[in-house]
Amino acid sequence: MKILLVEDIDDSRELFRHMLEKLGHEVIEATNGKEAIKAAIKSSPELVIMDLSMPEVDGFQAVSALRSIQSFTALPILAITAYPRSLWKDKAEDAGCDGFLQKPFSPEDLSAALDKLRVA
């Protein structure tokens, strides 16, 4: 599966990319929401993993922008954040995210979250 990974912290992005590649996915990377929108248009990913808290254009704004593009209205988007689930899960869903995963997470947690989005 072609996955767009959007994460502003280099070490985290590298770790998540490694997890995804070990699971057999092709990974396209972006470091902020603005890059994410451009990368999605250019590469047509099958799924997006979006950090919610980023500088410049945050994950909420990027998800909203992607959802406004006809070809991305049904694109599965998994929100990731270090903020507590109780505070950000509803906000992520309201923004248009289909799943939520709190950092830090294990490869098993990531795999399970991706499986849920593929079934939906």
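Two strands count as paired if DSSP finds at least two bridges between them. Keep that rule in hand for the first stop. The model on screen is predicted.

**Stop 1: the strands around β1**

Select residues 2-6, strand β1, and residues 26-30, strand β2. The two run parallel, and five bridges join them. Now pick Ile3. Its bridge partner in β2 is Val27. Move along to Leu5. Its partner in β2 is Glu29.

Which residue of β3 is the bridge partner of Leu5? Add residues 47-51, strand β3, to the selection. The partner there is Ile49. Leu5 therefore has a bridge partner in β2, Glu29, and one in β3, Ile49. β1 and β3 pair in the parallel sense, over four bridges.

Show the surface around β1. Four of its five residues are buried, so the strand is largely enclosed by the rest of the structure.

**Stop 2: across helix α1**

Switch to cartoon and add residues 10-22, helix α1. Follow the chain from β1 through α1 to β2. Together they make a β-α-β unit, and the unit is right-handed.

Stay on α1 and show the side chains of Arg17 and Glu21. They form a salt bridge, with the closest N and O atoms 3.5 Å apart. The two residues are four apart in the helix, so about one helical turn separates them. Arg17 is partly exposed, at 25% relative accessible area. Glu21 is also partly exposed, at 40%.

**Stop 3: a second helix pair, then a network**

Go to residues 85-95, helix α4. Select Glu93 and Lys89. Their side chains meet in a salt bridge, 2.4 Å from N to O. Here too the spacing is four residues, about one turn of the helix. Glu93 counts as partly exposed at 40% relative accessibility, and Lys89 counts as partly exposed at 23%.

Next, select Asp10, Arg13, Arg17, Glu21 and Glu29 together. Salt bridges that share partners join these residues into one network. Two of the names are familiar: Arg17 and Glu21 are the α1 pair, while Glu29 is the β2 partner of Leu5. Across the structure there are nine salt bridges.

**Stop 4: Lys103, Asp51 and a cis bond**

Is the Lys103 and Asp51 pair buried or exposed? Select both and look. Both residues are buried. They form a salt bridge, the closest N and O atoms being 3.3 Å apart. Lys103 sits in the loop between β5 and α5, and Asp51 sits in β3, so the pair ties together parts that are 52 residues apart in sequence.

Do not leave Lys103 yet. Select Pro104, in that loop between β5 and α5. The peptide bond joining Lys103 and Pro104 is cis, with omega about -10°.

**Stop 5: the largest pocket**

Select Leu78, Arg85, Asp98, Gly99, Phe100, Leu101, Asp109, Ala112, Ala113, Lys116 and Leu117. These residues line the largest pocket. The space inside is about 170 Å³.

Which elements give two or more residues to the lining? Colour β5 (99-102) and α5 (107-119) to see them. α5 gives the most, with five residues. Then colour by class: six lining residues are nonpolar, one is polar and four are charged.

**Stop 6: two positive phi angles**

Pick Ser44, in the loop between α2 and β3. Its phi is positive, about 45°, although Ser44 is not a glycine. Ser44 counts as partly exposed, at 47% relative accessibility.

Then pick Glu56. It lies in the loop between β3 and α3 (59-67). Glu56 also has a positive phi, about 70°, and is not a glycine. Its relative accessible area is 58%, and exposed means over 50%, so Glu56 is exposed.

**Last stop: Lys34**

Finish on residues 33-43, helix α2, and select Lys34 there. Lys34 is partly exposed, at 43% relative accessible area. Draw a distance from its C-alpha to that of Leu87. The two residues are 24 Å apart in space and 53 residues apart in sequence.

Terms used:
Residues numbered from 1 in each chain as written. Predicted model: local features only at pLDDT ≥ 70, side-chain atom pairs only at ≥ 80, totals over all residues. Heavy atoms only, no water. Right-handed = clockwise from strand over helix to strand, strands pointing away. 1 Å grid on protein atoms, 1.4 Å probe; cavity = no way out; pocket = protein on both sides within 12 Å on 5 of 7 lines; lining within 4 Å. Points joined across faces, edges and corners; volume = space filled by probe spheres on them. Nonpolar A, V, L, I, M, F, W, Y, C, P; charged D, E, K, R; others polar. Salt bridge = Lys/Arg side-chain N within 4 Å of Asp/Glu carboxyl O. Buried < 20%, exposed > 50% of the residue type's maximum accessible area, 1.4 Å probe, protein only.
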